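Visitor: I am new to protein structures, and I would like to learn how to read one feature by feature. Could you take me through an example?

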Amino acid sequence: MTLINLEVKDKIALLTLNRPEALNALNSAMLGELFHSLKKLEEDDLRCLIVTGSGEKAFAAGADISEMVEMTPDEAEEFAAFGQKVFSYLSTFPCPVIAAIHGYALGGGFELVLACDIRIAADTARFSFPETGLAITPGCGGTQRLARLTQASYAMDLIFTGRRIKGEEALEKGIINRLVPAIELMDEAWKMAEGIATKAPLGVRMSKEAILRGLDLDLEKGLEVEAELFAECFNSSDQKDAMRAFLK
Ligand code: CAA
């Protein structure tokens, strides 16, 4: 059985975590398949990628605790480094990535959500970092991405207490972009992906790069990156064609 399902339609890919019997808990095999699936998808010149979980109950209930329980510190470091590599690859993937979240998005599942560009959640979604209860820290980017996306003190609140939040709070804190009834989740994700796919891929890709590269820079340097990428767009026939078509 494959741990990651892929479907591609009209340059939009749907990537589904497929381990529903363990609430899509992320083990090394699944992280490896996720990495290889992304590598494969990168060749497809996609317009948008949607990431979701199979089954009714979870997007993903975290890293696999049965695999982690007996790890040595070296093995744990290797596991975290690989998880981080995969999630960083996802976050810098050359097309927009939408997380479609239902049910539990806990620990590593929450970290996977945070590595996506845009997050749409069903009203069944529940987010938390249970790691401190397991005597560990989040290991696949949670301490860094949540603190950057919200505020350090809010990340500390969620990570120290492990409390579980619902979609309303996630929306209020800017963790998710949209909250929808569960039955509408995938339609909403596809609608957004199709909307993005109508835009010129170069403009979307360069905009993503400008936003991501600017995040860790001061404003002046960020503006330089923006001007550089803006100029690069003018190297392409896409820009000429799109502007000429408008003027006609
Ligand atoms: N790892 C391994 N197996 C898991 C799992 C996980 N993170 N989460 C769920 N499962 C498995 C359960 O063991 C169970 O398997 P069996 O049927 O073989 O017993 C199956 O999934 C269904 O789970 P439950 O019976 O527990 O379902 P529930 O509805 O009663 O509870 C839950 C759901 C509240 C999500 C509960 O499963 C739970 O608390 N899971 C663990 C969540 C967690 O602590 N995640 C953080 C992991 S640490 C991490 O992610 C570190 C990191 O940053 C890298």
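Guide: We shall go through the ligand site, the nonpolar cores, two buried charged residues and two backbone angles, bearing in mind that this is a predicted model.

Visitor: Which residues are the closest to the ligand, and how many surround it?

Guide: To read a binding site, one begins by listing the neighbours of the ligand. Here 24 residues surround the ligand, and the closest are Lys57, Ala63, Gly108, Glu111 and Glu131. When this shell is sorted by residue type, it divides into 14 nonpolar, 4 polar and 6 charged residues. Helix 2 (65-68), strand 6 (104-106) and helix 4 (108-114) each supply at least two residues of the shell.

Visitor: Which residues have a polar backbone atom 2.9 Å or 2.8 Å from an atom of the ligand?

Guide: Ile65 has a polar backbone atom 2.9 Å from a nitrogen atom of the ligand, while a polar backbone atom of Gly108 lies 2.8 Å from a ligand oxygen. Gly139 also takes part, with a backbone N or O atom 3.1 Å from an oxygen atom of the ligand. As for how much of the ligand is covered, taken alone it exposes 970 Å², and the protein buries 63% of that.

Visitor: How should I look at the inside of the protein, and what is the general idea there?

Guide: In soluble globular proteins, nonpolar side chains tend to be buried together. In this model the largest nonpolar core has 50 residues, and those with the most contacts inside it are Leu49, Ile101 and Phe127. Several elements give two or more residues to this core, including strand 3 (48-53), helix 3 (73-91) and helix 6 (152-161), but helix 1 gives the most, with 6 residues. If you select Phe127 and look beyond four places in sequence, you will find that it touches Ile101, Phe110, Ile165 and Ile176, among others. Apart from this core lies another, of 17 residues, among them Cys48, Ile50, Ile98 and Ala193.

Visitor: Why does Asp64 count as buried?

Guide: One compares the relative accessibility with a cut-off, and a residue under 20% counts as buried. Asp64 counts as buried because its relative accessibility is 6%. Asp64 sits in the loop between strand 4 and helix 2, where its side chain makes a polar contact of 2.5 Å with the side chain of Ser66 and reaches the backbone nitrogen of Glu67 at 3.1 Å. Further along the sequence, beyond four places, Asp64 touches Arg19, Ala25, Leu26 and Asn27.

Visitor: Is Lys208 buried or exposed, and which side chain does a polar contact of 2.7 Å join to that of Lys208?

Guide: Lys208, which lies in helix 9 (residues 201-215), is buried, with a relative accessible area of 11%. The polar contact of 2.7 Å joins its side chain to that of Asp117. These two residues are 91 residues apart in sequence, and yet their C-alpha atoms are 8.7 Å apart in space. Lys208 also touches other residues, including Leu90, Phe93 and Pro96.

Visitor: What is there to notice about the phi angles of Leu23 and Asp45?

Guide: One checks the sign of phi, together with the residue type. Leu23 has a positive phi, near 50°, and is a residue other than glycine; Asp45, which is not a glycine either, has a positive phi of about 50°. Leu23 lies in the loop between strand 2 and helix 1 and is partly exposed at 25% relative accessibility. Asp45 is found in the loop between helix 1 and strand 3, and is partly exposed, with a relative accessible area of 44%.

Note on methods. Residues numbered from 1 in each chain as written. Predicted model: local features only at pLDDT ≥ 70, side-chain atom pairs only at ≥ 80, totals over all residues. Heavy atoms only, no water. Near = heavy atom within 4 Å. Polar contact = N/O pair within 3.5 Å; in protein donor to acceptor, adjacent residues only side chain to side chain. Areas by Shrake-Rupley, 256 points an atom, 1.4 Å probe, with all protein chains shown as cover. Helix = DSSP H or I, 4+ residues; strand = E, 2+ residues; numbered from the N terminus. Nonpolar A, V, L, I, M, F, W, Y, C, P; charged D, E, K, R; others polar. Core = buried A, V, L, I, M, F, W, Y, C linked by side-chain atoms within 4.5 Å. Buried < 20%, exposed > 50% of the residue type's maximum accessible area, 1.4 Å probe, protein only. Contact = heavy atoms within 4.5 Å.
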